[in-house]
Amino acid sequence: WVLTSFLSVCSEMKLSFAFIGAFLMQQFAWNCMQTVQAGLVPDVIAADQRSAAGGMSAANTLGGAFLALMGVRFLGGVGVQAHYAMTVSVGMMCCVLVCLAANETPTNNIEDKANEVYDPLSFLRHIKSCYEFDPARHPQFAKLLLSKTLYCSSVMVKGFLLFFIQDTFKLKDGHKEQAIVGNTAVAAEAVAAFAAVAAMALLDVASAELATGSTTKKRSEDDPQAELSTGTPTRKCIEDDPQETSPLPGVSDASPDGEPYVDPNSATSVGAVRARMFTIFGSFWMCVMWFGPPLVGLGVLRDSEAMVRANVAVDRQALSDAWSPYMVLGTAVWGIGQGVYLAGDQALSYALLPDPEEASRLLGLTSICAAAGAVFGGSVTGLLLYTLGGSGKEPSVLHPEPLLLGVGPTAPGYAYPGYAGMFLLASALSGASCLVLRTVRTPAELCGERARIAGP
């Protein structure tokens, strides 16, 4: 909130370079806060409730984004400084709530490290160790990080949505074009928030069912020979996989005969399996729904060309009235996939942590992957838009009559192939994320596969 206050001062005094520097520092601070917040969950939430907590985190994030968009819409006339003040107030309130609620215990065992000899010269090596991660040793978590990178790359397309609206509808009115972008953003975030809440509720059902014994009762009826109990694991899982040498969540190191096992009926195991299903469904849903905007653009092109062939002036407002509702509806339906994916991804991150005692460090890697994905996605998307769509304000070579086409002065001037290419890229990235997630195995699934290989 200090940096946000400084942004307000820079904006008022028109200090451009200072504003850019403060903005970059603010984004760095936000990433640190989000990483620490994610790392708090394993410390303050019981293991059997972390799946639901992950879904709730995603729902809160999306719900906050929706409320912010609605606040901008209804309070847009109060001035920029008032928005800065509200942002600072919300930030201060959140910091106070976290300090009051997160009475957490450090995950690192200080007593075990009391006898370690500290070498001041090893500071750089210590910093380097904070970012070390062996994908070969923790393949499941590595796949999850890769899927997160692909997802963050795909959603960078949304940053070019205003350009797409301007070049598609060409309304000659920046306020109307921004209104369409605002409507699509509000619709997407609202539906995504509700989808995340629904996913959170389904993840929480795992804990509730096991707490009431309904899952045990149902499985006992299906298999009378099964000795199911919510408190005692019933299936051993020998951790002899050379690819996974970390203490997976849900895996115990102490069984009656000294072999590690996973309880496939525990809330942690059931929640992890459901979270994986949600991430696969969400990424596949987004993969399909990314085709919506290109189809809207194609429809606008088709109708405008029909007007040109009829030798009548293209009514851009009529085209906007006809096609913008489909744009808003399509992004709203796309939001279902985003909400379900984020809820499942957050829950699965907690379930696949290689070492719960290093939760903050390992979850911090997700922020690094998110940043890397954003840089890659934004760069490639901009490159596709520029190379396939061209640049400048010249009208399309197919339609040399700018007045007849109603080309607006606010349009950046990129052609349809550039936008089609960037949305197809987003679809391909979401599809790749779905394929990666299909290869992820939760601890209970690994246990079942090893048990089938080992035989009775």
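**Close-up 1. Helix H7 in the predicted model is largely enclosed by the rest of the structure, because seven of its nine residues are buried.** The helix covers residues 161–169, and its buried residues are Leu161, Phe164, Ile165, Gln166, Asp167, Thr168 and Phe169. Just after H7, the backbone at Lys170 adopts a positive phi of about 50 degrees.

**Close-up 2. Phe281 and Trp285 form a tilted aromatic pair in helix H10.** Among the aromatic pairs of the model, which come to ten, that of Phe281 and Trp285 has a centre-to-centre distance of 5.5 Å and an angle of 35 degrees between the ring planes. Both residues belong to H10, which comprises residues 267–289, and they are separated by four residues, about one turn of the helix. Phe281 has a relative accessible area of 38% and is partly exposed, and Trp285, at 26%, also counts as partly exposed.

**Close-up 3. Trp290 and Phe423 form an aromatic pair that links distant parts of the chain.** The ring centres of Trp290 and Phe423 lie 6.2 Å apart and the planes meet at 35 degrees, so this pair is classed as tilted, given that the tilted class lies between the 30 and 60 degree cut-offs. Trp290 sits in the loop between H10 and helix H11 (292–309), whereas Phe423 is in helix H15 (residues 416–438), 133 residues apart. Trp290 is buried at 5% relative accessibility, and Phe423 is buried with a relative accessible area of 3%.

**Close-up 4. Trp290 and Phe423 belong to one aromatic cluster.** The cluster is formed by these two residues together with Phe163, Phe164, Trp334, Tyr414 and Tyr419; one of its members, Phe164, is also among the buried residues of H7.

Terms used
Residues are numbered from 1 along each chain as its sequence is written. This is a predicted model: local features need pLDDT of at least 70, side-chain atom pairs count only at pLDDT 80 or more; totals for chains, interfaces and linings use all residues. Side-chain values use heavy atoms; hydrogens and water are left out. Buried means under 20% relative accessible area, exposed over 50%, partly exposed in between (1.4 Å probe, protein chains only). Helices (H or I, at least four residues) and strands (E, at least two) are DSSP runs, numbered from the N terminus. Rings of Phe, Tyr and Trp (its six-membered ring) pair if their centres lie within 6.5 Å; planes under 30 degrees apart count as stacked, over 60 as edge-to-face and the rest as tilted.
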